[in-house]
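Trainee: I am new to this structure and would like a careful, close look at a single part of it. Could you take me through one helix and its surroundings?

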Amino acid sequence: MSILRQSSGFLLQVALTFLGLLAVTFFIGRVVPIDPVLAVVGDQAPRDVYEQARRELGLDQPLWTQFAIYVQKVLVGDFGQSLVTNRPVVDDIARVFPATLELATFATIIGVALGVPMGIAGAVWQDRWPDQIVRVIGLVGYSVPIFWLGIVSLLVFYGMLGWVQGPGRLGVFFEDIVRPVTGVLLVDAALAGEWEVFRNAFGHVVLPSAVLGYFSVAYIARMTRSFMLEQLNQEYIVAARAKGMSEARVIWVHALRNVAVPLVTVIGLSYARLLEGAVLTETVFAWPGIGRYLTTALLAADMNAVLGATIVIGAVFIGVNLLSDLLYRLLDPRAT
Amino acid sequence: MTDASLPSTEVETSRRRRFFRAWPPAVLLALAWIAFIALVSIFADWLKPYDFMALDLRDRLAEPVFMGGTFRHLLGSDELGRDVLSRLIESVRMSLVIAFLSTLIAAAIGVSLGFLAAHFRGWVEQVILGAIDFMAAIPFLIIALAVLAFFGNTLTLFILLMGMHGWERIARITRGLAIAAKEQGYAAAASEIGASPFRVYGAHILPNIASTLIVAMTLNIPEVILLESGLSFLGLGVQPPLTSLGNMVGYGREYIQTAPWILLSPAVVIILTTLAVSVVGDWLRDRLDPTLR
């Protein structure tokens with residue numbers, strides 16, 4: 001019962017937050033000193049054409065009605081036309097979003113695979129050299145600008161060493177070989193059995209996701225360390241040790257199981273943050289995802305595209321954030 | 001007693017050890033760096049060897065001294081022959097002023113809302129808590145991008161926008177501390193003898209919770225520096241002819257192969273500054289408020 005009540009409260013929270021996001025974008029889009037009617041009909045339009053366009057856009061309605069119409073449109077995925085690509089914004093976003101998803105997922109995998117063991121090492125050898133290393137990595141993760149790390153790693157690993165592929169998502173020679181099914185290139189290539197394409201795509205994704213993942217490593221390691229320290233001081237750990245259980249089993253089975261629950265939330269939060277950080281990373285690596293779509297649209301003053309991308313990123317961010325919160329409550333019966 | 005019987009060198013070392021336990025070397029270095037850049041930004045106009053906008057087209061992309069250049073441009077010059085050192089000094093000042101002012105704005109918003117929530121409770125508190133949750137649940141960088149794209153960019157708007165970052169954490173901390181403080185004797189006593197709510201919160205509760213707030217503000221500063229430099233890097237932050245650290249990295253990026261020094265020095269300053277402020281913030285937190293982790 002309580003789970004039902006919790007999830008309904010959770011849905012209400014998601015709905016309210018999303019509505020708030022829409023209110024912010026609506027406000028941004030309306031207060032802007034550009035006349036949206038002129039953007040449609042042009043400067044030279046006669047009076048009646050102007051009035052008609054104004055009515056069609058719903059701008060003669062009161063602000064509340066306009067907002068209701070706006071919410072309705074967004075809910076069915078109508079963000080209007082992009083001025084640059086001349087296609088519906090929602091189609092553009094559907095095309096670029098898988099690239100961002102691919103990048104953020106890879107980065108999270110790196111973050112979890114490195115961050116969790118590092119955090120555990122830091123807790124187990126507290127204040128000794130492994131802990132110091134984890135601390136330094138964490139501090140650097142909080143103080144190095146992500147775009148600078150991207151530029152420098154591109155210069156070193158692509159420009160000087162040639163270990164990875166350059167900017168973009170795929171080499172020119174490999175374009176259009178595989179038919180997009182999921183939009184995630186690695187999956188598509190694997191499905192089609194095109195291993196050359198797979199290798200090339202992998203070479204492209206490694207560096208940006210490593211750069212993006214570094215920040216999630218820093219965050220996840222720091223949180224894992226503090227959760228683990230908390231668990232290692234609990235009595236059940238002392239009891240397990242007193243029973244003569246091996247240290248490895250105490251840490252990896254008993255303590256980790258209890259650390260795993262709050263860790264889910266942290267991983268969810270870091271995933272959401274990665275979507276945000278992707279805006280900078282994608283710009284540096286010319287990665288054709290939603291972040292780059294957003295910045296390109298910004299510089300071209302393509303307002304529908306800007307607001308559409310903002311809403312989509314915001315919605316995913318809110319969703320992931322609150323979902324990890326819900327998951328935590330479901331997994332941990334002690335949480336209220 | 002024991003000290004007197006020890007040889008003087010041992011007294012020296014134990015004193016030194018005690019000093020370094022209270023002031024770890026990393027913290028001392030960080031404080032020294034912060035003091036250094038603070039002085040540089042205060043005296044920027046006297047320290048700059050050239051005007052930061054002055055062009056010298058005959059001396060474009062000059063190499064810095066440590067890469068075999070001349071002493072004309074200590075840190076080299078950029079694609080328009082502008083002196084990198086002068087631009088760096090100007091940028092440091094800009095980035096610090098933005099970080100400092102916007103953190104003050106965030107603190108002002110956060111403390112006011114936190115006090116309002118603690119004072120009125122009820123629906124006022126619910127609304128404020130809702131706003132806090134909302135702020136924590138949206139991607140601020142993306143919203144900031146959209147705002148800057150639509151409203152154009154002036155320095156004032158930019159600082160105000162950066163001031164919206166992080167207020168929710170300060171508000172949450174303030175609310176919690178103020179509710180706890182209200183239950184303590186001193187605040188109740190002050191209102192008993194007829195002090196107005198403004199006086200109780202401003203003159204009695206605020207000084208008592210200030211140390212925690214200072215820690216929270218310190219930890220906000222590196223985030224604002226990174227946010228500002230990220231936005232400026234994208235070309236949406238500080239606009240030319242003004243310059244900031246992120247701005248320099250953004251424009252220097254195109255010359256990374258031929259003139260890496262344009263991008264190098266501002267990046268080093270960003271990293272050292274955020275690192276130093278984080279180290280000092282962590283240290284302050286451990287000293288002033290061990291509960292805040």
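Mentor: What follows begins with the whole chain and then turns to one helix, α4(A). This is a predicted model, in which local features need pLDDT of at least 70 and side-chain atom pairs count only at pLDDT 80 or more, while totals for chains, interfaces and linings use all residues. Residues are numbered from 1 along each chain as its sequence is written, chains are lettered from A and ligands numbered from 1 in the order in which they are written, and side-chain values use heavy atoms, with hydrogens and water left out.

Chain A has 13 helices and zero strands, where helices are DSSP runs (H or I) of at least four residues and strands are runs (E) of at least two, numbered from the N terminus. Of the 336 residues in chain A, 47% are buried, buried meaning under 20% relative accessible area, exposed over 50% and partly exposed in between, with a 1.4 Å probe and protein chains only.

Helix α4 of chain A covers residues 63–75, and because its 13 residues at 1.5 Å a residue should span 18 Å, the 18 Å between its end C-alpha atoms agrees; the expected span is 1.5 Å times one less than the number of residues. Buried in α4(A) are Gln66(A), Phe67(A), Tyr70(A), Val71(A) and Val74(A). These residues cover an arc of only 135° around the axis, which puts them on the same side of α4(A), the arc being that of the directions from the helix axis to the C-beta atoms. On the other side of α4(A), Gln72(A) and Leu75(A) are exposed, and just after the helix Gly77(A) takes a positive phi of about 80°.
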